[in-house]
Amino acid sequence: MKNATEGRAGILALRSCRRTTDNIFLAGLLGFGMAALGSVLTILVYMLFGLRFNPWDDPLKDMRQLITDGKISAPFGFSLIYMTFLGIWLLAFLWILLLKNERPIMTELKMNQTGNRPWAIGLGILLGLGANAFCILLSVAFKDVSLEFNEFHPGWALLLFLAVAIQSGAEEVVCRMLIYQKLRRRYRNPWIAIIGNSVIFMAMHLANDGINFWAVLQLLLVGLLLTFFVYYFDSLWLAIFFHTAWNYSQNIIFGLKNSGTAAIYSIYRQQGEARTGFFYHTGFGVEGSAGGCLMLAVIIAVVLLIARRRKLQPKDYWAEAELEADAALAAGTEGVELLQSEKQGGKQS
């Protein structure tokens, strides 16, 4: 019989409140499954409304053809591409709400008294936009990229921001909420959840066009940064809107590749041929550059310094559940020991 303190020592120490699907392999499989199936479900809905898609092929290719055929406008079509992630939101919510043991995970998305506050939305947008624009403007200064104004329509700009928020938010809900919290529930060492969900996030992008060494490293770094927002500041909102502003800045404002995906519609657009430089990669955008990695490393160092100086206490959603599980396990162990003692006493008499 396992006692309440067994398995507590070591980096991989397990918590007594863990569930079967909380191990890193199954959590990662769950994330990949939601990402793939969720997008397919949304595209099937599009097809019901008469849009011609191959749900098993690259939706960007089909959307470009629809735009070329004049069946849909470029900004609306591009917003629909980002909105394919709606299915991921749906699957994540169904998983959490239908499984009673998973429902506490939803707490991370709700407004709270610490990090999920209106200020987190504004700060996330400011940081994400500023960080990405910093790299792009330096690329322009170094003459690696040349930009020209394309067009600006407030309605399309707002719609695309909401669409990008759906896409970025879906990735954060899967990685920084679902996978992260499942790993936090399984392992006592929080760094397993911090690194584990970041590695899974990075792996989800490995099939993107233009992937390279710096892109892999940067995806891992941005995954860590977004997780630190959740771990130290208890703010999934900050992570969602940093991610949203980063993608929106790169793809919609400046019209450059975002994780290998070329823009269909943007406020500014690339003029002439770009070249790979310290802050830009022609195949993957800012996210495939050494300079982007350096910038993210600096931001991570600042976040860790702030957390240390302010002595921030990370939120542990499973501390109470673990205490309850420990108490139940201890009570069960004592009951078994008492029963065995009574049986032995009966035999001796």
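This report describes two helices of a predicted model, together with the residues at their ends and one loop residue.

Helix 1 covers residues 24-48, and its N-terminal end is capped by N23, whose side-chain oxygen lies 3.0 Å from the backbone nitrogen of F25. Among the buried residues of this helix are A27, G28, L30, G31 and M34, with G38, S39, V40, T42, I43 and Y46 further along. The buried residues of helix 1 pack against helix 2, helix 3 (74-82), helix 4 (86-98), helix 6 (154-186) and helix 7 (190-203). Just after helix 1, G50 takes a positive phi of about 95°.

L51 belongs to the loop that joins helix 1 to helix 2 (59-68), and, apart from neighbours within four places in sequence, L51 is in contact with Y46, L66, I72 and L80. Y46, one of these partners, is itself a buried residue of helix 1. The C-alpha atoms of L51 and L236 are separated by 34 Å, the two residues being 185 residues apart along the chain.

Helix 8 (residues 213-233) has 16 of its 21 residues buried, and is therefore largely enclosed by the rest of the structure. At its start, a side-chain oxygen of N212 reaches to within 3.0 Å of the backbone nitrogen of W214, while D234, just after helix 8, takes a positive phi of about 50°.

The lengths of both helices can be checked against a rise of 1.5 Å a residue, and in each case the expected and modelled spans agree.

| Helix | Residues in helix | Expected span | End C-alpha separation |
|---|---|---|---|
| Helix 1 | 25 residues | 36 Å | 36 Å |
| Helix 8 | 21 residues | 30 Å | 30 Å |

Definitions and conventions: Residues numbered from 1 in each chain as written. Predicted model: local features only at pLDDT ≥ 70, side-chain atom pairs only at ≥ 80, totals over all residues. Heavy atoms only, no water. Helix = DSSP H or I, 4+ residues; strand = E, 2+ residues; numbered from the N terminus. Expected span 1.5 Å × (residues − 1). Buried < 20%, exposed > 50% of the residue type's maximum accessible area, 1.4 Å probe, protein only. Polar contact = N/O pair within 3.5 Å; in protein donor to acceptor, adjacent residues only side chain to side chain. Contact = heavy atoms within 4.5 Å.
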